[in-house]
Amino acid sequence: MNVLVIGCGAIGTAITRALQYNEKIKKIYLVDNKPEYIQALSEKFPKAKKADFPDVLSDVKLVIECASQKAVEQYVPVVLEHGVDVLILSIGALADDEFRERIFGIAENKGARIYIPSGAIAGVDAISAVKGAGIYEITLETRKPPSAFEDSVLAEKGLSKDSIVEPVVLFEGFAREAVKKFPKNINVAATLSLAGMGFDKTRVRIIVDPKISTNIHHIFVKGDFGEMVLETRNKPFPHNPKTSYLAALSAISAVKKIIDAVWIGV
């Protein structure tokens, strides 16, 4: 199988590395707006090479987006129009109802599939399972150390990384607004929204906490099925503290499942 990776940053590098050592992958095409990133990966991994988009779509079975919400908007509709499956990591882009329904429609019409990995949280399969039985409350509390946030985000609250000595609530509201205000920090809220009650009913609280070194996601779900409490304490990704190591591992696992004949945990 040949694949296209859009985004050659920290997670794109981790995915490319995993694909390099997967015997079922023959070619890894790369797209990024920074040529030096593509060159670095091409020199490190023999299967990897620069791609000409959209011409490359005639030679791939799967596209992996790990760049940004803007990249989702730019590339995913074109990928689906060519009937090619896509794995989306920048899930926050799907908070736009019109855009989401448009690409879902394209996928259905073209016979392509959209894959959304569980990312930095656990229990997405269980939440999806109980959705049909009735869910009436989902709350996500995310705690991250100051290093996980952009300086500009903290500055809006009159904070800086060095000035924070106690936990501070940066946001409290619903998922739709959270993914717009924190596009690099809270993709998990989008995933939860899609799996459960939607963007306007999924409550989100984001806390910057100088006393922790991990990214903590605490999820509470209540419905006719009973209650669910889920918590992950993720180490930040080594080369990008804004995201969790688990997010990269989830994407790599998802690609392996798509390639292989067996999918455990559907």
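Two strands are said to pair if DSSP finds at least two bridges between them, and the legends below use the word in that sense for a model that is predicted.

**Close-up 1. Strand E7 and its partners on either hand, E10 and E9.**
Strand E7, residues 135–144, is joined by eight bridges to strand E10, residues 215–223, and the two strands run antiparallel. In this pairing Arg-143 of the model stands opposite Ile-216 in E10. E7 also pairs with strand E9, residues 202–208, but here the sense is parallel and the bridges number seven. Lys-144 is found opposite Val-208 in E9. Ile-135, which lies in strand E7, has a relative accessibility of 14% and therefore counts as buried, the cut-off for that word being under 20%. Between Ile-135 and Val-208 there are 28 Å from C-alpha to C-alpha, while in sequence these residues are 73 apart.

**Close-up 2. The hairpin of E10 and E11.**
E10 pairs with strand E11, residues 226–234, in the antiparallel sense, and nine bridges connect them. Together E10 and E11 form a hairpin, with two residues between the strands. Two of the partnerships can be followed residue by residue: His-218 has Glu-231 of E11 as its bridge partner, and Ile-219 has Leu-230 of E11.

**Close-up 3. The five-stranded sheet as a whole.**
The strands shown in the preceding views belong to an open sheet of five strands, whose order is E8-E9-E7-E10-E11 and whose pairing is mixed. Strand E8 (168–174) and E11 stand at the edges with a single partner strand each, so that one side of E8 and one side of E11 are left without a neighbour in the sheet. On average, and with direction ignored, neighbouring strands of this sheet are turned by 10° against each other.

**Close-up 4. The six-stranded sheet and a cis peptide bond.**
A further open sheet has six strands in the order E3-E2-E1-E4-E5-E6, and its pairing is parallel. Its edge strands are E3 and strand E6 (114–115), each of which pairs on one side only. Within this sheet, E4 is joined to strand E5, residues 85–88, by four bridges, and these two strands run parallel; Leu-62 has Asp-85 in E5 as its bridge partner. The loop between strand E3 (48–50) and strand E4 (62–65) contains Pro-54, and the peptide bond that leads from Phe-53 to Pro-54 is cis, with omega near 10°. For comparison, most peptide bonds are trans.

**Close-up 5. The largest pocket and the elements that line it.**
The largest pocket holds about 1200 Å³ of space. Its lining is made by 49 residues, and those closest to its centre are Cys-66, Ala-67, Ser-68, Ser-90 and Lys-184. Two or more lining residues come from each of helix H1 (10–20), helix H3 (69–81), helix H7 (175–181), helix H8 (187–195) and strand E13 (240–244), and H3 gives the most, with six residues. Sorted by class, the lining of the largest pocket has 21 nonpolar, 18 polar and ten charged residues. At least three residues of this lining are drawn from each of domain 1 (2–116 + 247–259) and domain 2 (124–234).

**Close-up 6. Helix H1, mostly covered.**
Of the eleven residues of H1, eight are buried, and the helix is thus mostly covered. The buried residues in H1 are Ile-11, Gly-12, Thr-13, Ala-14, Ile-15, Thr-16, Leu-19 and Gln-20. H1 is also one of the helices that give two or more residues to the lining of the largest pocket.

**Close-up 7. The second largest pocket, between the domains.**
About 730 Å³ of space lies in the second largest pocket, which is lined by 24 residues, with Ile-116, Pro-117, Ser-118, Val-124 and Asp-125 nearest its centre. Helix H5 (124–131), H8 and helix H9 (245–259) are the elements that give two or more residues to this lining. In the lining of the second largest pocket, 15 residues are nonpolar, seven are polar and two are charged. Because domain 1 (2–116 + 247–259) and domain 2 (124–234) both give residues to the lining, the second largest pocket lies between them.

Technical notes
Residues numbered from 1 in each chain as written. Predicted model: local features only at pLDDT ≥ 70, side-chain atom pairs only at ≥ 80, totals over all residues. Heavy atoms only, no water. 1 Å grid on protein atoms, 1.4 Å probe; cavity = no way out; pocket = protein on both sides within 12 Å on 5 of 7 lines; lining within 4 Å. Points joined across faces, edges and corners; volume = space filled by probe spheres on them. Nonpolar A, V, L, I, M, F, W, Y, C, P; charged D, E, K, R; others polar. Domains from an automatic or database assignment. Buried < 20%, exposed > 50% of the residue type's maximum accessible area, 1.4 Å probe, protein only. Axes fitted to C-alpha atoms, helices over the stretch in contact; angles between N-to-C directions.
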